[in-house]
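Hi,

Here is the structure I promised to send over. Have a look at it first, and then read on for what turned up when I went through it.

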Amino acid sequence: MSVLEQMDDLDKSICEQIDYARKISSKMPENTFAKEGIEVFPNFMDEESCNGLVEIARSFKRPFCYDIDSTAYHLARSDFGESLKPQYDQKTYQIFNVQDLNDIAGELHHSGIIEALFKERLGRNAYLNTCSIMMNDPDSQNRQPLHVDSFSPTFKFIVYLSDVMDLDQGPFTLVKGSHLHSERLKEAYFGNRKNGRHHTQMEAAYALDESTPILSPKGTAFMCNQSAVHAGWPHHKKDTRYLMMFYISFKDNTDITWHHGKEFTQGRTLESLES
């Protein structure tokens, strides 16, 4: 029996996603983002705007999940229902649809600037799904290790709203070029299935010292391919890390439609919000 015949539907789907992501990357125009899976933009946002967004985030931060208004909502990962509670990052809080709460976020969200940056590098149209603010309190025990968000090509545009100048502040870190490691990613996936790990976890296949942490002042932005291996630095010992995060997908990707033209609601229907 061939290896292909031994694979179940999930195995085949994951392998197809990995191959598709590699195919998409190979068709991108030649540029740093296509090659490395990340590109940094210094001084993308001014200090006053960063500080204002941090104050907005602080004003809505709570130890529980709740609806802020008809579109914006706040998630506290420690408040997820028992069946949904994540193993990692329980000191993480996130506000979604911030573009409806704040003029600075709204103007950037609707400006077309971010989509234009992605279109230039991807060679195809991109769709900006939502603007969120993530708050990570210091946590050196429970941070999610190296992982991929998806094996299919999805993207994020991130702006540091607070200074992240040393490793103790929990910088975003990424293994450059790992979105192109199709065979290594497949081996990692099958190793995860064999050993009972979640299929997107990569800490057994990649070492932290293979990654490049983004150490930069507030206002620095970077685009990243979320099918590349990445994490928040696991030894986050001081200062809450604030960042603004935009979720990006292809307009013409029928496999990952996300919320094209619809209100972003990912995670909003969690048990704790329904009670």
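Let's start with Ser 216, which sits in the loop between β8 and β9 (221-225). Keep in mind throughout that this is a predicted model. Is Ser 216 buried or exposed? Its relative accessibility is 10%, and since anything under 20% counts as buried, Ser 216 is buried. Setting aside neighbours within four places in sequence, Ser 216 has contacts with Tyr 160, Asp 163, Val 164 and Met 165. Two of these names come up again in a nonpolar core: Tyr 160 and Val 164 belong to a core of 19 residues that also includes Cys 65 and Phe 222.

That core is the second one, separate from the largest. The largest nonpolar core has 39 residues, and the ones with the most contacts inside it are Phe 118, Phe 157, Leu 161, Met 244 and Phe 246. Phe 157 is a good place to put your cursor. Leaving out neighbours within four places in sequence, Phe 157 is in contact with a long list of residues, among them Phe 41, Phe 44, Ile 114, Leu 117, Phe 118, Met 244 and Phe 246. Phe 222, one of the residues in the second core, is also in contact with Phe 157.

Now the helices around there. In α6 (113-122), the buried residues are Ile 114, Leu 117, Phe 118, Arg 121 and Leu 122. They span an arc of only 115° around the axis, so they lie on the same side of α6. That fits the general pattern: an α-helix has 3.6 residues a turn, so residues three or four places apart point the same way. Right after α6 comes Gly 123, with a positive phi near 75°.

Helix α5 (residues 103-111) has a similar story to tell. Ala 105, Gly 106, Leu 108 and His 109 are buried in α5. Their arc is only 170° around the axis, which places them on the same side of the helix. On the face turned away from that buried side you'll find the exposed residues Asp 103, Glu 107 and His 110. And what covers the buried residues of α5? The cover includes α4 (47-60), α6, β5 (126-136) and β11 (241-250).

On to the charged side chains. There are 14 salt bridges in the model. Here are three to look at:

- Asp 11 and Arg 193 form a salt bridge, with their closest N and O atoms 2.7 Å apart. Asp 11 is in helix α2 (residues 9-26) and Arg 193 in helix α7 (residues 182-195), so this pair ties together parts that are 182 residues apart in sequence. Asp 11 is buried at 8% relative accessibility, while Arg 193 is partly exposed at 39%.
- Glu 210 and Arg 184 meet in a salt bridge at 3.1 Å, N to O. This one also links distant parts of the chain, with Glu 210 in the loop between α7 and β8 (212-213) and Arg 184 in helix α7, 26 residues apart. Both ends are partly exposed: Glu 210 has a relative accessible area of 33%, and Arg 184 has 29%. As for Asp 11 and Arg 193, salt bridges with shared partners join them and Asp 8 into one network.
- Glu 120 and Arg 121 form a salt bridge too, with the closest N and O atoms 3.4 Å apart. Glu 120 is exposed at 57% relative accessibility, whereas Arg 121 is buried at 10%.

There is also an open sheet worth tracing. Three strands make it up, in the order β8-β7-β10, with antiparallel pairing. The edges are β8 and β10 (230-232), each of which pairs on one side only. Strand β7 (residues 172-174) pairs with β10 over three bridges, in the antiparallel sense. Which residue in β10 is the bridge partner of Thr 173? That is Ala 231.

Finally, the overall numbers. The protein has eight helices and 11 strands, and 52% of its 275 residues are buried. Of the contacts with a separation of 6 or more, 82% are between residues 24 or more positions apart. The protein exposes about 12,700 Å², and carbon and sulfur atoms supply 47% of that.

Cheers

Definitions and conventions:
Residues are numbered from 1 along each chain as its sequence is written. This is a predicted model: local features need pLDDT of at least 70, side-chain atom pairs count only at pLDDT 80 or more; totals for chains, interfaces and linings use all residues. Side-chain values use heavy atoms; hydrogens and water are left out. A salt bridge is a side-chain nitrogen of Lys or Arg within 4 Å of a carboxyl oxygen of Asp or Glu. Helices (H or I, at least four residues) and strands (E, at least two) are DSSP runs, numbered from the N terminus. Buried means under 20% relative accessible area, exposed over 50%, partly exposed in between (1.4 Å probe, protein chains only). Two strands pair if DSSP finds at least two bridges between them. Contact means heavy atoms within 4.5 Å. Accessible areas come from the Shrake-Rupley method with a 1.4 Å probe; for residues, only the protein chains shown count as cover. A nonpolar core is a set of buried Ala, Val, Leu, Ile, Met, Phe, Trp, Tyr and Cys residues joined through side-chain atoms within 4.5 Å. The arc is that of the directions from the helix axis to the C-beta atoms.
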